[in-house]
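Okay, everyone, thanks for coming. I'll put the sequence and the structure up, and then we can walk through a few spots together.

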Amino acid sequence: MIRQATAEACANIALVKYWGKRDAVLNLPATGSLSLTLSGLVTRTTVTWAEDPGDDAILLDGKPAAGAERQRIVTFLDLVREGMQASGASDRPGAPRASVESVNGFPRAAGLASSASGFAALALASTRAAGLELADEQLSVLARRGSGSACRSIFGGFVEWLPGSAADGQDSHAVPLLAPEAWDVRMLVAVLAERPKPKGSTDAMNHTVATSPYFEAWRACVPGDLDIARQAIASRDLARLGELAESNALRMHATMLAARPPVLYWLPETVAAMRRVRELRDAGMACWFTIDAGPNVKVLCDAAFEAAVITGLSDLPGVLRVISSRPGPGARLVPALVSS
Ligand code: PMV
């Protein structure tokens, strides 16, 4: 029997960052985090389960996945296979075999959170294709196993990831804070480099936890930052949220700069974009930057200043393009494309 489902999920950008795990196997975070799911950065994934023996077939943006990237997806699919065995949806050990086709509308692995949208879409498509109907919180727990930040992309708009305290991680999942249509803000992504980043976030996080003397200070400041962010979102106070997000991102990068050897994701263009955001703000535009595990700069801004901030960023040498996003929806099933 062939069972297939297609799902779409949007990337999310954290305003209070996840940086550091308390359990590396289960992807349990050292702290909570808070993000905005983005309409413009979408991954669409189709999963087909078949009972015949053989390896999983995984195509990412039209190319067969290889090496560690492939292994990470197979390991995730094993979790879904376990769920199928437990529910009686499959009774052959090791089976069934998955065929996965995933297409990103934006560059992978360049700090644009493609693993978040990718594993959120994979969690939904793979479970539904298997006949498993998980509640959103359970889907978020599953997506977290693929990539921590993926648990937040199950939900739309502003989202908080509750760190949880259970050893099995069942209480470590995201919850929605504010629906996408409830606050019309923009997140602009200044794309400065489209090649995969030199060091993945998991390695960089583990290295930071192990060697940065600032990690404890980081961990201690996050709960307070989450309180401020929640209040700013509830009162739609963009200046308060933006200032907090900018400071939180710099504190995260400070912890990794203090690791030995240091983790430095910034390019000269990254610093130039940060400075440009400050100049635009000094000129009266409501905009604030944040940066993840890569060189690209994301700018939270008031919808009224969108065009002017895009121009201000695009003028910089080294900015390849600027992608504009609004608050976007959570992961959802979509009809499969019929191939001709
Ligand atoms: O989900 P991961 O393992 O790719 O880690 C994401 C880390 C950051 O993007 C830097 C921060 C975050 O909260 O998304």
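I'll go through the ligand site, an aromatic pair, some backbone details and a few distances. One thing up front: this is a predicted model.

Let's begin with the ligand. Which residues come nearest to it? There are 13 residues around the ligand, and the nearest of them are Tyr18, Ser147, Ser149, Arg152 and Ser201. Broken down by class, that shell holds five nonpolar, five polar and three charged residues.

So where does the ligand lie relative to the domains? Domain 1 covers 2–182 and domain 2 covers 186–325, and both give residues to the shell, so the ligand lies between them.

Now the polar atoms, and you may want to zoom in here. Tyrosine 18 comes in with its backbone: one of its backbone N or O atoms is 2.9 Å from an oxygen atom of the ligand. With serine 147 it's the side chain, where an N or O atom sits 2.9 Å from a ligand oxygen. Then there's aspartate 292, with a polar side-chain atom 3.4 Å from an oxygen atom of the ligand. How much of the ligand does the protein cover? On its own the ligand has 380 Å² of accessible area, and the protein covers 92% of that.

Stay on tyrosine 18 for a moment, please, for the aromatic pairs. The model has three aromatic pairs. One of them is tyrosine 18 with tryptophan 161, at 4.7 Å centre to centre and with 65° between the planes. Why call that edge-to-face? Because planes over 60 degrees apart count as edge-to-face, and this pair has 65° between its planes.

What does that pair tie together? Tyrosine 18 is in the loop between strand E1 (3–16) and strand E2 (21–23), while tryptophan 161 is in strand E8, residues 158–161. Those parts are 143 residues apart in sequence, so the pair ties them together across that separation. Both partners, tyrosine 18 and tryptophan 161, are buried. So tyrosine 18 shows up twice in this talk: its backbone has that 2.9 Å approach to a ligand oxygen, and its ring has tryptophan 161 as a partner.

Okay, on to the backbone. Go to asparagine 27, in the loop between E2 and strand E3 (28–29). Its phi is near 55°, so we have a positive value in a residue that isn't glycine. Is asparagine 27 buried or exposed? It's buried, at 7% relative accessible area. The side chain of asparagine 27 also makes a polar contact of 2.7 Å with the side chain of lysine 21.

There's another positive phi at arginine 236, about 50°, and again that's not a glycine. Arginine 236 belongs to the loop between helix H5 (215–234) and H6. Its relative accessible area is 35%, which means it counts as partly exposed.

Next, the loop between helix H6 (238–257) and helix H7 (268–282), where proline 261 lies. The peptide bond leading into proline 261 from arginine 260 is cis, and omega is near -10°. Alanine 259 is in the loop between H6 and H7 too. Alanine 259 has 2% relative accessibility, so it counts as buried. If you measure across from there, the C-alpha of alanine 259 is 43 Å from that of alanine 130, and the two are 129 residues apart along the chain.

A few more distances before I stop. Alanine 272, in helix H7, is partly exposed at 30% relative accessibility. Its C-alpha is 9.9 Å from the C-alpha of valine 297, with their positions 25 residues apart along the chain.

Phenylalanine 305 is in the loop between strand E12 (297–302) and helix H8 (306–314), and it's partly exposed, at 27% relative accessible area. From phenylalanine 305 to methionine 285 is 6.2 Å, C-alpha to C-alpha, for residues that are 20 apart in sequence.

Last one: arginine 72, in helix H1, residues 67–87. Arginine 72 is partly exposed, with a relative accessible area of 38%. How far is arginine 72 from serine 90 in space? The C-alpha atoms are 22 Å apart, and the sequence separation is 18 residues.

That's it from me.

Notes: Residues are numbered from 1 along each chain as its sequence is written. This is a predicted model: local features need pLDDT of at least 70, side-chain atom pairs count only at pLDDT 80 or more; totals for chains, interfaces and linings use all residues. Side-chain values use heavy atoms; hydrogens and water are left out. Rings of Phe, Tyr and Trp (its six-membered ring) pair if their centres lie within 6.5 Å; planes under 30 degrees apart count as stacked, over 60 as edge-to-face and the rest as tilted. Helices (H or I, at least four residues) and strands (E, at least two) are DSSP runs, numbered from the N terminus. Buried means under 20% relative accessible area, exposed over 50%, partly exposed in between (1.4 Å probe, protein chains only). A residue is near a molecule or strand if one of its heavy atoms lies within 4 Å of it. A polar contact is a pair of N or O atoms within 3.5 Å; within protein, one must be able to donate a hydrogen and the other to accept it, and residues adjacent in sequence count only if both atoms are side-chain atoms. Accessible areas come from the Shrake-Rupley method with a 1.4 Å probe; for residues, only the protein chains shown count as cover. Ala, Val, Leu, Ile, Met, Phe, Trp, Tyr, Cys and Pro count as nonpolar, Asp, Glu, Lys and Arg as charged, and the others, Gly among them, as polar. Domain bounds come from an automatic or database domain assignment.
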